[in-house]
Amino acid sequence: MPYIDINVFTKTYYVVAHFHYVLSMGAVFALFSGWYFWIPKILGLDYNILLSKVHFWILFIGVNLTFFPQHFLGLQGMPRRISDYPDAFAGWNLISSFGSIVSVVATWLFLHIVYLQLVEGKATSRYPWLTPQFFSDLLQTLLNRSYNSLEWCLNSPPKPHAFVSLPLQSHAMGVVSSVLLLVSSYFSNIFEYCDAPRAWGLYFQDSASPQMEALVELHNNIMFYLVIILFGVGWILLSIIRNYVNSKNAISNKYLNHGTLIELIWTITPALILILIAFPSFKLLYLMDEVTDPNLSIVVEGHQWYWSYQYPDFLDQDDEFIEFDSYLVPESDLEDGALRMLEVDNRVIVPELTHVRFIITAADVIHSFAVPALGIKCDAYPGRLNQVSVLVNREGTFYGQCSEICGILHSSMPIVIESVSLEKFLTWLNEQ
């Protein structure tokens with residue numbers, strides 16, 4: 001979902017979770033599987049199988065507890081790399097912290113397994129996985145129907161030069177079939193609006209602008225394809241695991257013939273899916289960049305560590321532009337029901353159903369003006385003006401935070417935009 005990330009997920013915990021999910025569940029587990037599969041052959045020493053299985057499950061549980069909850073934090077709008085966070089984020093962060101501890105325990109167990117292998121490991125055979133060793137003689141190969149690859153006919157550890165001439169192998173043919181089934185459901189809260197991150201939240205904050213509604217719809221449409229891919233790839237993997245276990249089908253050699261049809265399928269199908277995703281993504285991206293003729297402009301300036309706002313269309317009683325600074329309300333000064341790390345002393349007041357343009361800049365370092373419920377995310381650069389427009393389609397109070405690392409108090413730059421009726425907005429202007 002690269003195009004959604006530009007406006008919704010960028011620099012939130014959703015990106016952290018998604019990125020590390022690929023690394024931890026993909027690359028790291030691939031490294032561990034390669035280690036456990038090849039290290040007896042490389043070192044010629046066996047390891048404790050029971051402890052290795054325990055290590056896998058502890059690590060599997062740990063990384064899932066660590067990174068899976070971070071998707072929900074990102075959907076709720078939590079920026080990454082902040083030293084403190086609102087109380088609503090505490091629940092999933094607690095689960096994530098517990099998962100990191102479990103992952104550390106798994107890492108310690110892996111190091112212990114390696115230590116035991118090096119110190120107490122027993123010498124292993126040519127083929128550590130207890131299946132008949134490979135014979136290079138063609139007649140013997142045909143008689144035994146042994147489908148093990150070349151590596152397992154070597155000593156453990158192997159000699160620098162193993163073969164004088166090219167050995168002969170047989171090969172096994174497998175049949176792969178696929179059936180796809182999709183069950184997709186969406187969860188929504190129809191009883192009340194959620195305009196701030198909620199404890200143990202699982203989804204986006206409720207949208208309050210057309211662009212956020214479009215982003216949520218695009219997200220749901222892309223999830224349709226992702227669910228199909230998940231069930232399809234999962235079914236294929238389970239089929240391979242079930243049909244090609246060593247007791248049923250010995251390991252085939254690595255020089256199997258290519259399957260032209262299946263290679264065409266797995267090349268063309270992802271390309272078509274990307275095209276189906278790209279067209280609505282680009283359309284939405286360009287629509288969001290279009291700045292509609294605004295009825296109201298607000299200048300936003302980021303500082304370390306507060307926001308300044310200016311209404312250049314209106315003058316106050318001193319014939320100067322209406323402007324004010326907005327600081328985080330300390331925990332000691334919070335009123336009952338106020339949100340810690342999200343409440344400010346001066347809110348941005350905008351009228352509902354009005355095209356508002358935010359002109360965004362910074363005074364010192366790079367900041368990022370982000371309000372998830374409105375679909376706003378725009379970087380603030382010193383000496384440069386960026387702009388983003390929004391039409392708030394209902395009354396409410398919408399919370400956001402700075403989403404760019406800007407220093408030690410990066411987490412102390414909340415944003416609160418309050419949408420009111422036009423009558424209340426005019427009353428507020430008269431009071432300035």
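# Briefing: a mixed five-stranded sheet and its surroundings

Arg81 is exposed, with a relative accessible area of 57%. This residue belongs to a predicted model, and Arg81 has a positive phi of about 55° although it is not a glycine. Elsewhere in the chain, five strands form an open sheet in the order S3-S2-S1-S5-S8, with mixed pairing. Helix H8, covering residues 422–431, lies across S1, S2 and S3 of that sheet. The points below take the sheet, the helix, the segment after the helix and the unusual backbone positions in turn.

**The sheet as a whole**

- The open sheet follows the order S3-S2-S1-S5-S8, and its pairing is mixed.
- Its edges are strand S3 (321–326) and strand S8 (386–391), each of which pairs on one side only.
- From one strand to the next, the twist averages 20°.

**From S1 across S2 to S3**

- Strands S1 and S2 pair in the antiparallel sense over five bridges.
- These two strands, S1 and S2, form a hairpin with two residues between them.
- Within this pair, Val299 stands opposite Gln310 in S2.
- Strand S2 (residues 306–315) also runs antiparallel to S3, to which six bridges join it.
- Two positions illustrate the pairing with S3: Leu315 stands opposite Phe321, and Tyr311 has Ile322 as its bridge partner.
- The hairpin of S2 and S3 has five residues between the strands, and in it Asp319 takes a positive phi near 60°.

**Strand S5 and its two neighbours**

- Six of the eight residues of strand S5 (residues 355–362) are buried, so S5 is largely enclosed by the rest of the structure.
- On one side, S5 runs parallel to S1, and seven bridges join the two strands.
- In this parallel pair, Ser297 stands opposite Arg357 in S5.
- S5 is also joined to S8, by six bridges, and these two strands run antiparallel.
- Here Ile360 stands opposite Asn386 in S8.

**Helix H8 against the strands**

- Helix H8 lies across strand S1 (296–303), S2 and S3, and runs at about 95° to S2.
- The buried residues of H8 are Phe425, Trp428 and Leu429.
- These three cover an arc of only 100° around the axis, which puts them on the same side of H8.
- The buried residues of H8 pack against S1, S2, S3, S4 and strand S10 (414–420).
- The face of H8 turned away from the buried side carries the exposed residues Glu423, Lys424, Asn430 and Glu431.

**Gln432, after the helix**

- Gln432 is found in the segment after H8, and with a relative accessible area of 29% this residue is partly exposed.
- The side chain of Gln432 reaches back to the helix residue Trp428, whose backbone oxygen lies at 3.1 Å.
- Leaving aside residues up to four places away in sequence, Gln432 touches Asp316, Gln317 and Ile322.
- Gln432 and Ile322 are 110 residues apart in sequence, yet their C-alpha atoms are 7.1 Å apart in space.
- Ile322 is also the bridge partner, in S3, of Tyr311.

**Unusual backbone positions**

- Most residues other than glycine have a negative phi, and most peptide bonds are trans.
- Arg81, with its positive phi of about 55°, is placed in the loop between helix H3 (49–75) and helix H4 (90–120).
- Met341 also has a positive phi, of about 65°, although it is not a glycine.
- The place of Met341 is in the loop between S3 and strand S4 (348–351).
- Arg81 is exposed at 57% relative accessible area, whereas Met341 counts as buried at 8% relative accessibility.
- The peptide bond from Gln304 to Trp305 is cis, with omega near 5°.
- Trp305 is found in the loop between S1 and S2, the two strands that form a hairpin with two residues between them.

Terms used. Residues are numbered from 1 along each chain as its sequence is written. This is a predicted model: local features need pLDDT of at least 70, side-chain atom pairs count only at pLDDT 80 or more; totals for chains, interfaces and linings use all residues. Side-chain values use heavy atoms; hydrogens and water are left out. Two strands pair if DSSP finds at least two bridges between them. Helices (H or I, at least four residues) and strands (E, at least two) are DSSP runs, numbered from the N terminus. Axes are lines fitted to C-alpha atoms, for helices over the stretch in contact, and angles run from 0 to 180 degrees between N-to-C directions. Contact means heavy atoms within 4.5 Å. Buried means under 20% relative accessible area, exposed over 50%, partly exposed in between (1.4 Å probe, protein chains only). The arc is that of the directions from the helix axis to the C-beta atoms. A polar contact is a pair of N or O atoms within 3.5 Å; within protein, one must be able to donate a hydrogen and the other to accept it, and residues adjacent in sequence count only if both atoms are side-chain atoms.
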